[in-house]
Amino acid sequence: MDGVVRWSNRCDPLTGKVIGVAVIDSGMASHPDFGSRIVLNKNFNPGVAGAIDSYGHGTAVAGIIGGNGTASRGEFIGVAPQVNLINLRVNDGSGAAPTSTIMNAILWAVINRDTYNIRVMNLSLSASVQETYVTSPIDAAVEYAWLKGIVVVVAAGNNGPNSALYAPANDPFVITVGATDDGGTATVADDTLASLSSFG
């Protein structure tokens, strides 16, 4: 029992308290749902200045991961509303990111995983060129993160039934997540695959 109490003091497995999640995306904007939990802002794209989100995607992803519902008075809450968010910007502000910036961000997260207690890494992006996970440099990078003990969560993509063709969704060492259409209800009985989501 004593061991369980000590673990609970360190982290809450239901809310993600003290866990770090590296969000490799378009950056993050300040938001009431994040409070002071964006513990680092870092830019890896040499074509832009700063790590603040000018595209919107990274902020939305961070909200799904760790929004605490402050702005909506509890109506919309992220999966782990007490996680610490590590903002690693790779996007150029138009929705594109060079492979090198993505790989540099992944490597940085691995090297600094103990400093920020990075236990999860999220990449809601996909390569624009079809390539097997055996030869893809992005897949090699996410596998390296997995080998170092980081859970890697990636987007299935928006290319229809082709997620098996694009990195990093095609890698067997990651958790690939698609999108659902909830039908505007709280029940899951009417949920379907969203038309924009890749699968396969």
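1. Does Arg73 count as buried, partly exposed or exposed? At 83% relative accessibility, Arg73 counts as exposed, where buried means under 20% relative accessible area, exposed means over 50%, and partly exposed lies in between, with a 1.4 Å probe and protein chains only. Arg73 sits in the loop between helix 2 and strand 3, and Arg73 has a positive phi of about 55° although it is not a glycine.

2. Before going further, please keep in mind that this is a predicted model, in which local features need pLDDT of at least 70 and side-chain atom pairs count only at pLDDT 80 or more, while totals for chains, interfaces and linings use all residues. Residues are numbered from 1 along each chain as its sequence is written, and side-chain values use heavy atoms, with hydrogens and water left out.

3. On the overall fold, the protein has four helices and eight strands, and from the N terminus on these elements run α-β-β-α-β-α-β-α-β-β-β-β. The radius of gyration is 17 Å, close to the 16 Å that the globule rule gives for 200 residues, so the protein is as compact as a globular protein of that length. Helices (H or I, at least four residues) and strands (E, at least two) are DSSP runs, numbered from the N terminus, while the radius of gyration is taken over C-alpha atoms and the globule rule is 2.2 Å times the number of residues to the power 0.38. Along its principal axes, the C-alpha trace spans about 50 × 45 × 35 Å.

4. On burial and contacts, buried residues make up 41% of the 200 residues in the protein. If one takes the contacts (heavy atoms within 4.5 Å) between residues at least 6 apart in sequence, 70% of them join residues at least 24 apart.

5. On the surface, the protein exposes about 10500 Å², of which carbon and sulfur atoms supply 57%; such areas come from the Shrake-Rupley method with a 1.4 Å probe, and for residues only the protein chains shown count as cover.

6. The largest nonpolar core has 27 residues, and Ile24, Leu88, Ile106, Trp108, Met121 and Leu123 touch the most other members. A nonpolar core is a set of buried Ala, Val, Leu, Ile, Met, Phe, Trp, Tyr and Cys residues joined through side-chain atoms within 4.5 Å. Strand 1 (20-25), strand 3 (84-89), helix 3 (99-111), strand 4 (118-123), helix 4 (137-147) and strand 5 (151-155) each supply at least two residues of this core, and helix 3 gives the most, with six residues. A second, separate core of 12 residues includes Phe34, Ala62, Ile65 and Leu85.

7. Ile24 is a good residue to look up in the structure. Leaving aside its neighbours within four places in sequence, Ile24 is in contact with Leu88, Val90, Ala105, Ile106, Met121, Asn122, Leu123, Ser124 and Leu125.

8. Val61 belongs to helix 2 (residues 57-66) and, at 9% relative accessibility, counts as buried. Apart from neighbours within four places in sequence, Val61 is in contact with Val23, Asp25, Asn122 and Ser124. Val61 and Asn122 are 61 residues apart in sequence, and their C-alpha atoms are 8.7 Å apart in space.

9. The loop between helix 1 (2-10) and strand 1 holds Val18 and also Gly16. Phi of Val18 is near 70°, a positive value in a residue other than glycine, and Val18 counts as partly exposed at 35% relative accessibility. Gly16, by contrast, is buried, with a relative accessible area of 9%, and Gly16 touches Ala80, Gln82 and Val83, not counting residues up to four places away in sequence. The C-alpha atoms of Gly16 and Ser72, which are 56 residues apart along the chain, are separated by 20 Å.

10. Towards the later strands, a cis peptide bond joins Ala167 and Pro168, with omega of about -10°, and Pro168 is found in the loop between strand 5 and strand 6 (175-177). Gly178 lies in the loop between strand 6 and strand 7 (180-181) and is partly exposed, with a relative accessible area of 44%. Not counting residues up to four places away in sequence, Gly178 touches Ala156 and Ser197, and the C-alpha atoms of Gly178 and Ser163, 15 residues apart along the chain, are separated by 9.2 Å.
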